[in-house]
Amino acid sequence: MSEESKPIISPYAYVGLRISDLPPTIRKTIRMRTRKYSQRLIAEVIEKVTKVPIHMLGHKTRSRPVVYARHIYCFQMRDKTNWSLKEIGASIGGRDHTTILHSVKVYHDLNEMEHSFFELCNIIENEIDRLSSDEYYEEFKNKQDCITI
């Protein structure tokens, strides 16, 4: 069959189908995209991996471990939840939305420049993704969705 005669399948063609009707590779991709992220899950994973207590994210301290954890928290909340910048700022000690934007920018800069920060971010992101899947999410579902930092 020549390149011209192959039918073009639009991704929109799958809209009316059930997930069970799709090929296994597409089903797996769709399931991977339907993760359930919560502020509590993100904060607890960051606390577990960085060993920085959750309540320290809201403090004004400038120690490197706390600042790194705060940058990671801001980025993960921005990336994985639908919280506004103002809500993210309020969750870490009443910071302004521009502070959150700056924190996300610094996160990207540190990710490119510091290998240890890059590895830490990968560990945290993998753990958040693992725990947000359906089988692990039940543990967090019954807990309070938001925590005060």
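In the predicted model, Ser-103 touches Arg-70, His-71 and Cys-74 when residues up to four places away in sequence are not counted. Ser-103 is found in helix H5, and because its relative accessibility is 5%, below the 20% limit, Ser-103 counts as buried. The C-alpha atom of Ser-103 is separated by 9.2 Å from that of Tyr-73, a residue 30 positions away along the chain.

These contacts of Ser-103 belong to the packing of H3 with H5. The axes of the two helices come within 8 Å and cross at roughly 105°, an angle that falls in the range from 65 to 115 degrees, and H3 and H5 are therefore roughly perpendicular to each other. On the H3 side the contact is made by Tyr-68, Arg-70, His-71, Ile-72, Cys-74, Phe-75, Gln-76 and Arg-78, which meet Ile-100, Ser-103, Val-104, Val-106, Tyr-107, His-108 and Leu-110 of H5. By class, the residues of the contact between H3 and H5 comprise 9 nonpolar, 4 polar and 2 charged.

The protein as a whole contains 7 helices and 0 strands, and its elements follow the pattern α-α-α-α-α-α-α when read along the sequence. Of its 149 residues, 38% are buried. Among contacts with a separation of 6 or more, 64% are accounted for by residues 24 or more positions apart.

Helix H2 (residues 39–50) packs against both H3 and H6, as described by the contacts listed for each pair. The axes of H2 and H3 come within 10 Å and cross at roughly 150°; as this angle is over 145 degrees, H2 and H3 are therefore roughly antiparallel to each other. Their crossing is right-handed, and the contact is formed by Gln-39, Ile-42, Ala-43, Ile-46 and Thr-50 of H2 together with Ala-69, Ile-72, Tyr-73, Gln-76, Met-77 and Lys-80 of H3. The residues of this contact of H2 with H3 divide into 7 nonpolar, 3 polar and 1 charged.

For H2 and helix H6 (residues 115–131), the axes likewise come within 10 Å, with a crossing angle of roughly 135°, and these two helices are therefore oblique to each other. The crossing of H2 and H6 is right-handed. Here Leu-41, Ile-42, Val-45, Ile-46, Lys-48, Val-49 and Thr-50 of H2 meet Leu-120, Ile-123, Ile-124, Glu-127, Ile-128 and Leu-131 of H6. The contact of H2 with H6 includes 10 nonpolar, 1 polar and 2 charged residues. Ile-42, Ile-46 and Thr-50 of H2 take part in the contact with H6 and also in the contact with H3.

In soluble globular proteins, nonpolar side chains tend to be buried together. The largest nonpolar core of the model has 31 residues, of which Ile-46, Ile-72, Tyr-73, Phe-117 and Ile-124 touch the most other members. At least two residues of this core are supplied by each of H2, helix H3 (64–80), helix H4 (85–91), helix H5 (97–113) and H6, and the largest share, 8 residues, comes from H3.

Most residues other than glycine have a negative phi. Lys-51, by contrast, has a phi near 65°, a positive value in a residue other than glycine. Lys-51 is found in the loop between H2 and H3, and because its relative accessible area is 66%, over the 50% limit, Lys-51 is exposed.

Technical notes: Residues numbered from 1 in each chain as written. Predicted model: local features only at pLDDT ≥ 70, side-chain atom pairs only at ≥ 80, totals over all residues. Heavy atoms only, no water. Axes fitted to C-alpha atoms, helices over the stretch in contact; angles between N-to-C directions. Helix = DSSP H or I, 4+ residues; strand = E, 2+ residues; numbered from the N terminus. Parallel < 35°, antiparallel > 145°, perpendicular 65-115°, else oblique. Left-handed = near helix turned anticlockwise from the far one by under 90°. Contact = heavy atoms within 4.5 Å. Nonpolar A, V, L, I, M, F, W, Y, C, P; charged D, E, K, R; others polar. Core = buried A, V, L, I, M, F, W, Y, C linked by side-chain atoms within 4.5 Å. Buried < 20%, exposed > 50% of the residue type's maximum accessible area, 1.4 Å probe, protein only.
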